[in-house]
Amino acid sequence: MVLASPAVRSPSRWLPLPVVLVAVFVTTLDFFIANVAIPSIRTDFAAGPAATQLVFGGYGLAYAAGLIISGRLGDLYGARRIFMAGLALFTLASVAAGTAPGILVLIVARVVQGSAAALLAPQVLTLIGALYPGADRARAFGWYGTATGVAGVSGQVVGGLLMAADLGGLGWRAVFLINLPIGVAALLVARIVLPELPASAPAGAGRTLDVPGALLVAGGLAAIVLPLVQGPELGWPLWTWLLLALSAPLLTAFVARQRTRPEPLLDLRVFGEQGFARGLVAVALLFGGSAGLSFVLAVYLQDGLGLGPLSAGMVFTALNAGFFVASLRRGRPVAGALAIVAGLVLVHGAVGAGEPYLIAVALGVVGAGMGLLMSPLISTVLARVRGERAGAAAGVLGTAQETGGVLGGTLTGAVFLAAADRGWTAAAQSALVLLVVFAAIVAVLVFANRQ
């Protein structure tokens, strides 16, 4: 069945929303859920820190590098078609990750997963923008922000439960294989409820994909993220510095090319939309802080305090509980940003005490702050963008979200591991200082962007 018209205001107009939100949830969850499995993966494959870091970083790197080109693919071939292709590829890559015989295959599968997630993300935002005009759009984007936030804070809990259940003796593999039934069900329902939307790019000569531009932006992002993921573990060899130096000219060349293209991959005018740039930085730091907190506490609770995956996940349920309760009170982003800062300060103190229940209480405060902030921040950033630039905004927002997550997680992890020789407690507290700084900057940006 194809909906007769995206503009029809009937109860059935909401049927596509749960399907696209499921895609948002699982692709965001998979960015975080691997953290809880990393100790077991490292043991099973006898893998070193640099390799296991790529299980986390490879997904985010591919995700971030592919988002802008994926937005253009949706313009060319239709959001529904690319959404379906991305969901199918993500499901297959999840199976490959869950059945990987070694660390190299697992890393490759995670990179493919990230690429598939990149195909999905801009189409979700394009579909929401096209299907829900007017007041419905703000409501739909609010739900999008909620789904993203819930997935971001649920990785530890869901991963811990799956590993503790040890379904069929799968262990950590269940973390990835759970996407098979979810993906198949979502594909079947999507075929029924997702309407066909016309490609937004004009027919004819204009319907071209800027391959050189795509290579420039993907290469530029990879040249930033890959050295930061691998450099700390490998001792910063020469190639990491060369790649970092190469990122600036690659991204500069991409921007220059987009200014002269009649059909650019990225409409640079989107950065002139009200509050968009400040919102992007806030989103990047928010997701970077969330990824960093997830990584640090996943290692600290298991290797530092000796908790199992399930017990560590249960500590994180406080984060989820705080998020759920606070997310019912929308429209309080400044209060949310300040609560995150206060909560992270409390986590720092609780880690010093070494008591899991105190960490849980502090995480509840952090979760409440995220619940108050995340949905209104994302929905405000997107809702202010005019319709013809929604696709560009979606790609840029997703890129900021995932790049921020990778860089934030990597930088926090680097601080954490650099201080590990002083003990797990000192290492965790050092990393938490950086996370407090991230949160404080977010609070300033949210305050400045409140109008």
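User: Why is Phe176 called buried?

Analyst: In this predicted model, Phe176 has a relative accessibility of 0%. Buried means under 20%, so Phe176 counts as buried.

User: And what makes Trp172 buried?

Analyst: The reasoning is alike: Trp172 has 2% relative accessibility, and the cut-off is under 20%, so Trp172 counts as buried.

User: Why are the rings of Trp172 and Phe176 called an edge-to-face pair?

Analyst: Two values settle that. The centres are 6.2 Å apart, and rings pair if their centres lie within 6.5 Å. The planes make an angle of 80°, and over 60 degrees counts as edge-to-face. Trp172 and Phe176 therefore meet both conditions.

User: Which other ring pairs with Trp172, and how do you know that the pair is edge-to-face?

Analyst: Phe45 pairs with Trp172, at 5.6 Å centre to centre and 75° between the planes. The limits are 6.5 Å for the centres and over 60 degrees for edge-to-face, so Phe45 and Trp172 fit the name. Phe45, Trp172 and Phe176 form one aromatic cluster. A search of the whole structure finds seven aromatic pairs, including these two.

User: What does the pair of Phe45 and Trp172 tie together?

Analyst: Phe45 lies in helix α1, while Trp172 is in the loop between α5 and α6, so the pair ties together parts that are 127 residues apart in sequence. Both Phe45 and Trp172 are buried.

User: Let's turn to the helices. How do you know that the buried residues of α7 line one face?

Analyst: The buried residues of α7 are Asn179, Gly183, Ala186, Leu187, Ala190 and Val193. Seen down the axis of α7, they fall within an arc of 145°, so they line one face of the helix. The general background is that an α-helix has 3.6 residues a turn, so residues three or four places apart point the same way.

User: What do the buried residues of α7 pack against, and which exposed residues does the face turned away carry?

Analyst: The buried residues of α7 pack against α1, α3, α4 and α6. The face turned away from the buried side carries the exposed residues Leu188 and Arg191.

User: What makes α4 mostly covered?

Analyst: Of the 29 residues in α4, 21 are buried. Helix α4 reaches 41 Å from its first C-alpha to its last, close to the 42 Å expected.

User: How do you know that the span of α11 agrees with its number of residues?

Analyst: At 1.5 Å a residue, the 19 residues of α11 should span 27 Å, and its end C-alpha atoms are 27 Å apart, which agrees. Helix α11 also bends by about 30° at Val315. Val315 is one of the buried residues of α11, and Phe316 is another.

User: Why is Ser294 called buried, and what is it in contact with?

Analyst: Ser294 has a relative accessible area of 5%. The cut-off is under 20%, so Ser294 is buried. This residue lies in helix α10. Leaving aside neighbours within four places in sequence, Ser294 is in contact with Phe32, Asn35, Gln156 and Phe316.

User: What makes Thr399 buried?

Analyst: Thr399, in helix α14, has a relative accessible area of 9%. That value is set against under 20%, so Thr399 is buried. Beyond neighbours within four places in sequence, the contacts of Thr399 are Ala64, Leu67, Ile68, Leu221 and Gly404.

Terms used: Residues numbered from 1 in each chain as written. Predicted model: local features only at pLDDT ≥ 70, side-chain atom pairs only at ≥ 80, totals over all residues. Heavy atoms only, no water. Buried < 20%, exposed > 50% of the residue type's maximum accessible area, 1.4 Å probe, protein only. Helix = DSSP H or I, 4+ residues; strand = E, 2+ residues; numbered from the N terminus. Arc of directions from axis to C-beta. Contact = heavy atoms within 4.5 Å. Expected span 1.5 Å × (residues − 1). Bend = angle between axes of the 7 residues up to and from the residue. Phe/Tyr/Trp six-rings, centres within 6.5 Å; stacked < 30°, edge-to-face > 60°.
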